[in-house]
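Visitor: I am new to this structure and would like a close look at one part of it. Please take the packing of two helices, and then show what lies around that part.

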Amino acid sequence: MIHIRMARRTDAAGIACIHATTWKEAYRGLLDGAYLENLSEKRLTARWRTHLDRREEDRDEEILVAMNGRELVGFANASASREAFAPWDAEIPMIYVLKEHRGLGIGRGLMKASADHCIRRGMFSGGLWVLRDNGAARDFYEALGGESQGRKSDSVGGQIVQLVGYWWRDIAQLAERSTQSISPGRF
Ligand SMILES: CC(C)(COP(=O)(O)OP(=O)(O)OC[C@H]1O[C@@H](n2cnc3c(N)ncnc32)[C@H](O)[C@@H]1OP(=O)(O)O)[C@@H](O)C(=O)NCCC(=O)NCCS
């Protein structure tokens, strides 16, 4: 059975494993191949451990994990927007679900838990940036009612990439659209 909970410090390795695995698979052809090959679970684990520690000081940030029993199968993070010019208050910068667990409502559940966190922290609108050519993720955000909002370029692993923004003017609408009980009472 799938349930979603706040991440713990001990989840760093599990999150890093999903981070490396999903990036190598989902971003093949979208990001530089050598950069993806070099993504190291060990380095990512250290980064996520630091990130999880820092979260203790930043109560606007939350990291959520989706568990299939004791196995971590997805994660997302939500925080106050760090961009001066973004129209949204809250940001959901990362959401990743292991390939073999997709299409089961886990992404939806992670978006709901992220939106609920932002609402609890008093944020009213939410948004994110996605690779312009990541059609599957764009379909996912559009299915949840995300409105296209802006474009920009950024650097990932030394490569300039094109991004498109999606936002929910009222993040409560995202919470509502994402409601699909994969584990009743958990969200
Ligand atoms: C995007 C992602 C997080 C979605 O997670 P998921 O668990 O597969 O999504 P869900 O099963 O909750 O799907 C929710 C809705 O989104 C839509 N959707 C999901 N994946 C879709 C796809 N590939 N194409 C079209 N629609 C899709 C469906 O309408 C679905 O609604 P339904 O359950 O009523 O059919 C997951 O596919 C993933 O990890 N992708 C690779 C990494 C990535 O691109 N992350 C986003 C980075 S910005």
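**Two helices and their surroundings**

Guide: In this predicted model, α1 packs against helix α3 (residues 41-55) at an angle of about 125 degrees, and their axes are 8 Å apart. The angle is over 115 degrees but not over 145, and α1 and α3 are therefore oblique to each other. The crossing in which α1 passes α3 is right-handed.

On the α1 side, the contact is made by A12, A13, I15, A16, C17, H19 and A20. On the α3 side, E41, L44, T45, W48, R49 and L52 take part. Sorted by class, this contact of α1 with α3 holds 9 nonpolar residues, 2 polar ones and 2 charged ones.

Helix α1 also has a place in the surroundings of the ligand. A total of 19 residues surround the ligand, and the closest are R102, G107, R108, A136 and D139. Two or more residues of this shell come from each of α1 (12-26), β4 (90-97), α4 (106-120) and α5 (135-143). The largest share, 5 residues, is that of α5. By class, the shell around the ligand consists of 11 nonpolar, 5 polar and 3 charged residues.

Strand β4, which gives residues to that shell, leads on to the sheet. This is an open sheet of 7 strands with mixed pairing, in the order β1-β2-β3-β4-β5-β7-β6. At its edges stand β1 (2-6) and β6 (147-156), each with a single partner strand, so one side of each has no neighbour in the sheet. From one strand to the next, the twist averages 25 degrees.

In general, strands of a sheet pair through backbone hydrogen bonds, in either a parallel or an antiparallel sense. One pair here is strand β5 (residues 126-131) with strand β7 (residues 159-168), which is antiparallel and extends over 6 bridges. Within it, L128 has Y166 of β7 as its bridge partner.

To return to the part you asked about: α1 makes an oblique packing with α3, and α1 is also among the elements that give two or more residues to the shell around the ligand.

Notes
Residues numbered from 1 in each chain as written. Predicted model: local features only at pLDDT ≥ 70, side-chain atom pairs only at ≥ 80, totals over all residues. Near = placed C-beta within 6 Å. Helix = DSSP H or I, 4+ residues; strand = E, 2+ residues; numbered from the N terminus. Nonpolar A, V, L, I, M, F, W, Y, C, P; charged D, E, K, R; others polar. Pairing = 2+ DSSP bridges. Axes fitted to C-alpha atoms, helices over the stretch in contact; angles between N-to-C directions. Parallel < 35°, antiparallel > 145°, perpendicular 65-115°, else oblique. Left-handed = near helix turned anticlockwise from the far one by under 90°. Contact = placed C-beta atoms within 7 Å.
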